[in-house]
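Open the model in your viewer and keep the selection panel at hand. The tour makes three stops.

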Amino acid sequence: MAAGTQVKNVEVRDIARIERIGAHSHIRGLGLDDSLEARAVSQGMVGQQMARRAAGVVLGMIKEGKIAGRAVLLAGPPGTGKTAIAMGISKSLGKDTPFTAMAGSEIYSLEMSKTEALTQAIRKSIGIRIKEETEIIEGEVVEIQVERPATGVGAKVGKLTLKTTEMETVYDLGTKMIDALTKEKVQSGDVITIDKATGKISRIGRSFTRARDYDATGPQTRFVQCPEGELQKRKEVVHTVSIHEIDVINSRTHGFLALFSGDTGEIKPEVREQINTKIAEWREEGKAEISPGVLFIDEVHMLDIECFSFLNRALEDEMAPVVIMATNRGITNIRGTNYTSPHGIPIDLLDRMIIISTSQYRESELREILKIRCEEEDCELSDDALTVLTRIAMETSLRYAIQLITLAGLVSRRRKSNEVEIEDVKKVYSLFLDEGRSTQILSEYQDQYLYDQKPDVGGSGEPMDL
Amino acid sequence: MAEEYNLDTNIVLRRAWKRGKNLSKKSQWEIEVGDPEPDTLSLEAIGLKENSNTPYIIKRITSTALEWRIRNLSYPIEVYSVLADPDNKCIIVKTSNKKYYKKITVPDLERVNLVPDQKRIEYTYKFGTLIITYKKPPEVLKLERQVLEELQNVQTIKDGDLPCKPS
């Protein structure tokens, strides 16, 4: 009977896309047009037109690469997109310009001194481009033969036949190459390149001539033309490495393995000096080019006076990167002193910076941002729910509203709905407190909490009787 | 650059250039004229080496012509075609059975700003070897004479007679 065989709706999930969604993963650039004018909503950026335009000018400055050692300060209240703008700069710079992001408090560590941490961060942000001509073998695999010794031990030998549209060559294979070929799962019909100096294999795709074997390939197989001409070609390649990586590799005590463990410790100034002279030499010989990148220090008010004076000096170096800092503090103490200063940064350093300020978002902009976040987090939000959420963002904070998106999405999925309705938002609003309501509760019921003390008392440590 | 001459005939036997001064690898000798260096290392180093039956090319210079010998070719002569490609400043060796293809650059001609000319190319096939001869144009002959004159003025160093004092 048809009624008995009810077709079960099988949920199919896309397995390929298991990505985590970060706070700024929706940002793909600064959202500027060709004349550096900020578009209202573009590349995940909304509002802050003036700040984005200013950032665009800074971006131009970085891309020119000629100016180094400038500092830019992004200042503004919390949740106004300072980090987003920095991320936007990073994204529009592309992969070739080094961009290091760190938080101000990252420099406090027991393993290394503050200035060492800063120096490492600065050197991570300076890249050198090395140009090299390499010989590569590029061709379509006709056949791979591997002979394993009958006893199971001993060297494997094999033959690899590669062809282009014009020629065919047979190569003898050693153990190393056989292992690499098996690891890459190279089979006949693949188009591969082999670097002659290092033996590195990369698969480009499958040859069009094998396109009829469609049933044996996965959906992501790329079909390419069989290469033309000679099998061996010369090719110019450009590597970009940061000076910090060169430092680590050359500091004898650690070796390059430290790069993977992240445990680099302190690097001796002598090593750095030697590397600097070596790089200057390479530069003169035309082997390498320096590309100063960007160092982004978030929460810069967490640095103390020693770091600031160190930065003052470091910015004057000719190899210094462009330093972008962000802070949400107003006039406050400079850490490590009793003096107050705007943004908690000494006046002499402030004087060397150009300051970009961000302002509070308007309601329409908040709505756009929430919409973008919904898309990023795969939540369908009804119009009413979005309006309510925008109100919440206006009255509490944008971050809180963004938190609620995910939570409301989960609640709506519990009641098997694809769209988040007002009720879901209301429910999570009542379940999870924002900072304002939490403070309110605390001030009402604080006598029930442990070690409570009225905020205006402070310092006595004795419980107060009320 | 290093050259090796036959002192009787004054013909270059070997000419090699030190190339590939890179950051990540050592410079190597690139043989322009004469027998190539045997490739012994690459099988251990990267596990890949051309099969010993693979065709390889040797350039020689005779008194009247530039000569290339491509060994290990086992196809009959009708298969080959040797074409001058003036646009890319090279000579192209093709096979109609799509087994061998080679672009030969001619530095001797480039040095006197000439491009390969089809009329000067001749080729024969004998004992598994394709021999391509390119008759030297007068400009090349003139340059070679000048170089030779210059070289004959250079003082020859005898064995054990080092140009610098080893400490």
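**Stop 1: a helix and its surroundings**

Select helix α4 of chain A and the elements around its buried residues. Those residues pack against β5 (126-147), β6 (157-163), β7 (168-173), β8 (190-195) and β9 (201-207) of chain A. Chain B joins in with β4 (48-50). Bear in mind that this is a predicted model.

Now narrow the selection to the helix, residues 175-183. Which of its residues are buried? Show M177(A), I178(A) and L181(A) as sticks: these are the ones. They lie on the same side of α4(A), because the arc they cover around the axis is only 105°. The spacing rule behind such a pattern is simple: an α-helix has 3.6 residues a turn, so residues three or four places apart point the same way.

Turn to the face that looks away from the buried side. Select K176(A) and K183(A); both are exposed. Then step past the helix to K185(A), which follows α4(A). Its phi is positive, near 55°.

**Stop 2: where the chains meet**

Color the two chains separately and select the contact residues. Chain A puts in 32 residues and chain B 25. How much area is buried between chain A and chain B? The value is about 2,300 Å², with carbon and sulfur atoms giving 52% of that area. Pick out E166(A), D172(A) and E230(A) next. These residues supply 26% of the area that chain A buries against chain B, more than any other three residues.

Look for charge pairs. Four salt bridges cross the interface of chain A and chain B. To view a salt bridge, select K99(B) and E168(A), whose side chains meet at 3.2 Å, N to O. Residue pairs in polar contact between the two chains number eight.

Stay on the side of chain A that touches chain B. β5, β6, β7, α4, β8 and β11 (232-242) of chain A each supply at least two of its residues. By class, this side has 13 charged, eleven nonpolar and eight polar residues.

**Stop 3: a lysine in chain B**

Move to strand β5 of chain B, residues 56-61, and select K59(B). Is this lysine, K59(B), buried or exposed? K59(B) counts as buried, because its relative accessibility is 7% and the cut-off for buried is under 20%.

Add D108(B) to the view. Its side chain makes a polar contact with the side chain of K59(B), at 2.3 Å. Then show the other residues that K59(B) touches, leaving aside those up to four places away in sequence: E32(B), V33(B), G34(B), E67(B), W68(B) and P107(B).

Terms used
Residues numbered from 1 in each chain as written. Chains lettered and ligands numbered in written order. Predicted model: local features only at pLDDT ≥ 70, side-chain atom pairs only at ≥ 80, totals over all residues. Heavy atoms only, no water. Buried < 20%, exposed > 50% of the residue type's maximum accessible area, 1.4 Å probe, protein only. Helix = DSSP H or I, 4+ residues; strand = E, 2+ residues; numbered from the N terminus. Arc of directions from axis to C-beta. Contact = heavy atoms within 4.5 Å. Buried area = accessible area lost by both parts, 1.4 Å probe. Polar contact = N/O pair within 3.5 Å; in protein donor to acceptor, adjacent residues only side chain to side chain. Nonpolar A, V, L, I, M, F, W, Y, C, P; charged D, E, K, R; others polar.
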